[in-house]
Amino acid sequence: MATEWARVEPERLAGALAGRRVDESLLAWLESSVERLPGLANTSPQECADLLGAAMRVTINLLDSARYDEPTGRRLRTVLAQAAQSAAWLHFDQGRHASAQRHWRTALHSAHSADACDLGAGVLSDLAYSATWLGHPGEAVEILSLARTRTHHATARSLLDVRRARALAVLQDDAGTARALNDAEHQLERGSAQSAPPWVSWMSSADLAVDAGRCWLDLEDPRRATAALEEGLSLLVPERERTRAIMLTYRAHAALADHDVAAAVADTRTALDTALGTGASRCLDLVRGTLRESFEPHKGEPAVRDLRSYAHQRLAPVAT
């Protein structure tokens with residue numbers, strides 16, 4: 001990024017911030033940088049957050065101070081929406097839910113101002129996911145019903161459908177969950193023939209499988225959940241470590257529901273190590289909850305005692 005910045009010539013940014021017209025090469029660089037920054041979250045989340053914050057500030061200043069035509073203004077507002085959406089996810093992963101909500105609201109307003117319907121629907125789907133995660137699935141279903149009417153791209157619809165499935169599973173709607181998962185699979189297949197928008201380009205069969213696994217867990221079908229999660233883990237690309245930690249924890253839940261304590265211990269141990277590597281509070285909290293609550297009925301078993309001792313040692317530096 002530093003090399004690219006040198007090619008863009010910083011005086012172009014300074015000039016635009018001083019009231020001159022936004023240069024096309026500056027705008028293109030800003031767009032490509034914001035599209036690529038989320039990939040940095042897997043290895044350097046704090047650096048990613050800092051860069052996204054800087055990109056948001058620069059874009060807001062350009063919108064306020066620079067001269068630009070309406071198409072350029074829409075592109076700048078789209079950049080702001082994408083940066084705010086990515087920042088919201090980083091805050092969500094760290095358990096900073098109020099801050100995540102503020103960033104998602106910024107993203108939603110900016111996407112609406114840019115007339116970016118699919119992007120706006122994607123932000124709504126993020127808000128719905130957050131609502132389900134925080135225990136408000138009914139609210140999530142309402143949000144997703146609204147968002148689904150505003151999407152054009154099949155991959156975007158797939159994401160909305162799979163998040164609807166998650167919410168419906170928590171609400172114990174078996175038939176609705178199955179329909180939503182089928183819709184998500186159908187839309188993902190359709191979307192593979194198109195170029196997905198940057199904000200949803202990460203959506204894959206692995207993501208569909210992990211959410212399906214969580215759905216079957218919520219619907220008390222652990223064997224079906226395990227099959228879906230194993231498929232997802234086999235498809236997941238190596239750099240998606242936060243998703244891997246969550247998948248492994250879900251598979252541990254499925255193993256416990258199927259009375260396989262040894263498999264649950266093995267998956268939870270790996271999930272803990274993976275979550276620690278990511279530094280994501282959301283992943284660590286999920287593992288902690290599993291250790292504290294899910295294993296409680298088996299606390300007398302040697303393997304569980306060893307796991308809890310190992311976790312205590314590994315988590316002690318994080319708590320200080």
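Here is a casual question-and-answer walk through a predicted model of a protein.

Visitor: How many helices and how many strands are there in the protein?
Guide: Keep in mind that this is a predicted model. Every numbered element you will meet below is a helix, and the strand count is 0. The number of helices is 16.

Visitor: What is the radius of gyration, and how does the protein compare with a globular protein of that length?
Guide: For 320 residues, the globule rule gives 20 Å. The protein's own value is close to that, so it is as compact as a globular protein of that length. The radius of gyration is 21 Å.

Visitor: What does the C-alpha trace span along its principal axes?
Guide: There is one span for each principal axis of the protein. Taken together, they come to about 70 × 45 × 30 Å.

Visitor: What percentage of the residues count as buried?
Guide: A residue needs under 20% relative accessible area to be called buried. The protein has 320 residues to sort this way. The buried part comes to 52%.

Visitor: How much area does the protein expose, and what do carbon and sulfur atoms supply?
Guide: The exposed area is about 14800 Å². Of that, the share from carbon and sulfur atoms is 51%.

Visitor: How far apart are the mean positions of the positive and negative charges?
Guide: The protein has 36 positive charges and 42 negative ones. Take the mean position of each set, and the separation is 4 Å.

Visitor: Which residues touch the most other members of the largest nonpolar core?
Guide: In soluble globular proteins, nonpolar side chains tend to be buried together. Here the largest such core has 99 residues. Its largest share, 11 residues, comes from helix 5, which covers residues 70-93. The residues touching the most other members are Trp104, Leu181 and Leu272.

Visitor: Which residues is Leu272 in contact with, leaving aside its neighbours within four places in sequence?
Guide: Leu272 is one of the three core members that touch the most others. Leaving aside those sequence neighbours, its partners are Leu284, Val287, Tyr310, Ala311, Arg314 and Leu315.

Visitor: Is Leu315 buried or exposed?
Guide: You'll find Leu315 in helix 16. Not counting residues up to four places away in sequence, Leu315 touches Leu272, Leu276, Leu284 and Arg288. Its relative accessibility is 12%, and the cut-off is under 20%. That makes Leu315 buried.

Visitor: And Pro317, is that one buried or exposed?
Guide: Pro317 lies in helix 16 too. Its C-alpha is 23 Å from that of Ser294, with their places 23 residues apart in sequence. The relative accessible area of Pro317 is 54%, and the bar is over 50%, so Pro317 is exposed.

Visitor: Where is His298, and is it buried or exposed?
Guide: His298 sits in the loop between helix 15 (281-294) and helix 16 (302-319). Beyond its neighbours within four places in sequence, His298 is in contact with Leu256, Val261 and Val304. With a relative accessible area of 18%, His298 is buried.

Visitor: What is phi of His259 near, and where is this residue?
Guide: Look in the loop between helix 13 (241-257) and helix 14 (261-278). His259 counts as exposed there, at 72% relative accessibility. Its phi is positive in a residue other than glycine, near 65 degrees.

Visitor: What about phi of Asp115?
Guide: Asp115 is in a loop as well, between helix 6 (97-113) and helix 7 (117-133). At 59% relative accessibility, Asp115 counts as exposed. Its phi is also positive in a residue other than glycine, near 60 degrees.

Visitor: How far are the C-alpha atoms of Arg21 and Arg282 separated?
Guide: Arg21 is in the loop between helix 2 (10-17) and helix 3 (24-36). At 46% relative accessibility, Arg21 counts as partly exposed. Arg21 and Arg282 are 261 residues apart along the chain, and their C-alpha atoms are separated by 42 Å.

Visitor: Which residues is Ile143 in contact with, leaving aside its neighbours within four places in sequence?
Guide: Ile143 lies in helix 8, residues 137-148. Its relative accessible area is 18%, so Ile143 is buried. Past those sequence neighbours, its contacts are Leu124, Leu127 and Ala128.

Definitions and conventions
Residues numbered from 1 in each chain as written. Predicted model: local features only at pLDDT ≥ 70, side-chain atom pairs only at ≥ 80, totals over all residues. Heavy atoms only, no water. Helix = DSSP H or I, 4+ residues; strand = E, 2+ residues; numbered from the N terminus. Rg over C-alpha atoms; globule rule 2.2 N^0.38 Å. Buried < 20%, exposed > 50% of the residue type's maximum accessible area, 1.4 Å probe, protein only. Areas by Shrake-Rupley, 256 points an atom, 1.4 Å probe, with all protein chains shown as cover. Lys, Arg positive; Asp, Glu negative; His and termini not counted. Charge placed at Lys NZ, Arg CZ, Asp CG, Glu CD. Core = buried A, V, L, I, M, F, W, Y, C linked by side-chain atoms within 4.5 Å. Contact = heavy atoms within 4.5 Å.
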